[in-house]
Amino acid sequence: MTSSTAPGTIAGGPRAAAVRSSGSGRPHPRGIRRHRWWSPWLFAAPGLIVVCAFSLWPFCSTLYNSLTDRRTLVGGSYVGFENYRALLHDDAFWIGLRNSSLYVAGVVPALVVLPLLLALLVQRRIPGIAFFRAAFYTPVVASVVVVGLIWVWLLDDRGLLNSIVTAVGGSPINFLGEQWTLLLSAMALTIWKGLGYYMIIYLAALADVPRELHEAAAVDGAGALRRFFTVTVPAVRSTMVLVAALSAVSAFKVFTEVYVLAGPNGGPAGEDTTLVMLVQRTGTGLTGRVGYSSAISVVIFVVVVALMLLTLRADRKEDA
């Protein structure tokens with residue numbers, strides 16, 4: 001007896017097995033196999049290796065070293081929290097913490113407000129505005145060391161600014177020889193170099209602000225200043241929080257600007273030393289106190305995380 005098969009059905013054979021194993025009415029295309037569980041990790045492996053080698057492992061090593069008395073050429077032994085107790089009685093640590101905190105307080109408000117005003121200025125479509133956008137962004141791509149050396153030439157006792165002050169009959173200003181003028185000069189350098197970077201961030205945010213909101217406010221009789229506070233600021237508030245967080249972290253970890261202007265000793269009597277400069281000073285050299293500098297690094301990490309959390313919490317309160 002011969003068996004008949006209805007049209008469109010598969011009675012048996014390899015094709016029927018392929019259909020049954022696929023769980024659907026279609027067989028798997030030839031050459032495609034079910035991926036193994038480790039296939040996604042294989043693609044993520046290069047990035048994970050880089051993160052573990054240059055971020056995770058150094059962080060764990062620093063955390064462990066902060067609990068030892070390790071030096072540059074000596075392995076050291078476990079001392080617990082002795083390095084952290086020593087920080088409480090170290091005047092240099094408190095000077096560095098003070099200067100880093102003042103740096104955040106002086107730089108962050110300026111880098112939140114001034115780039116926004118600059119972005120509003122260069123957002124206008126007028127002839128030649130592209131040149132000004134490029135000019136404002138040029139300091140961002142320049143090396144910090146090169147920019148710092150230019151500012152040293154400008155602020156030196158016989159630099160350009162003091163030459164102008166002397167030419168008009170004034171007395172030279174000791175920008176780089178006094179504690180507070182040196183710190184303010186470094187802040188001005190950081191603000192000037194960061195204006196273009198944060199200006200680009202604000203330009204991207206301003207491009208998403210509906211033009212109809214400004215037109216409606218103008219119809220209601222709102223002037224330029226009122227539209228700025230009632231339309232522009234609320235629309236870019238999340239971007240302002242982002243800029244505040246980024247600039248606060250960068251300002252608290254400042255090193256190059258102060259190092260170039262003040263020198264390796266941190267200005268007169270070391271009064272302009274920041275925490276990162278203190279890490280470099282105590283943890284390098286043949287007799288560097290690696291364990292002690294690691295403890296300072298951990299403190300910097302904790303403060304930076306706290307700044308980020310405070311910024312995010314403030315943003316959430318505004319949303320609420």
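Start at helix α3 (residues 82–88), which holds both arginine 85 and glutamate 82, 3 residues apart, or about one turn of the helix. Helices here are DSSP runs of H or I with at least four residues, strands are runs of E with at least two, and both are numbered from the N terminus. The side chains of arginine 85 and glutamate 82 meet in a salt bridge, at 3.4 Å from N to O. The term stands for a side-chain nitrogen of Lys or Arg within 4 Å of a carboxyl oxygen of Asp or Glu. Arginine 85 is partly exposed at 46% relative accessibility, and glutamate 82 is partly exposed too, at 44%. For these labels, buried is under 20% relative accessible area, exposed is over 50%, and partly exposed sits in between (1.4 Å probe, protein chains only).

A word on what you're looking at: this is a predicted model, in which local features need pLDDT of at least 70 and side-chain atom pairs count only at pLDDT 80 or more, while totals for chains, interfaces and linings use all residues. Residues are numbered from 1 along each chain as its sequence is written, and side-chain values use heavy atoms, with hydrogens and water left out. The pLDDT, the predictor's confidence in each residue from 0 to 100, averages 85 over the protein, and 88% of the residues score at least 70. Over residues 1–10 the pLDDT drops below 50, and this stretch has 4 contacts in the model beyond near neighbours in sequence. A contact means heavy atoms within 4.5 Å.

Now the overall build. The protein has 14 helices and 0 strands. Of its 320 residues, 34% are buried. Among contacts with a separation of 6 or more, 67% are between residues 24 or more positions apart.

The structure holds 2 salt bridges. Besides the pair in α3, arginine 98 and glutamate 271 meet through their side chains, again at 3.4 Å from N to O. Arginine 98 lies in helix α4 (residues 91–122) and glutamate 271 in the loop between α12 and α13 (275–283), so this pair ties together parts that are 173 residues apart in sequence. Arginine 98 is partly exposed at 30%, and so is glutamate 271, at 22%.

Next, have a look at helix α6 (residues 144–155). Its 12 residues reach 16 Å from first C-alpha to last, close to the 16 Å expected at 1.5 Å a residue; that expected span is 1.5 Å times one less than the number of residues. Val147, Gly148, Trp151 and Leu155 of α6 are buried. Seen down the axis, these buried residues fall within an arc of 100°, so they line one face of the helix. The arc is that of the directions from the helix axis to the C-beta atoms. The buried residues pack against α7 (160–167), α8 (179–206) and α12 (256–262). On the other side of α6, Leu149 and Trp153 are exposed. At the N-terminal end, serine 143 acts as a cap, with a side-chain oxygen 3.3 Å from the backbone nitrogen of valine 145.

Last stop: proline 172, in the loop between α7 and α8. Proline 172 counts as exposed, at 52% relative accessibility. From leucine 155, proline 172 is 17 residues away in sequence and 10.0 Å away in space, C-alpha to C-alpha. Leaving aside neighbours within four places in sequence, proline 172 is in contact with Asp157, Asn162 and Thr166.

Definitions and conventions
A polar contact is a pair of N or O atoms within 3.5 Å; within protein, one must be able to donate a hydrogen and the other to accept it, and residues adjacent in sequence count only if both atoms are side-chain atoms.
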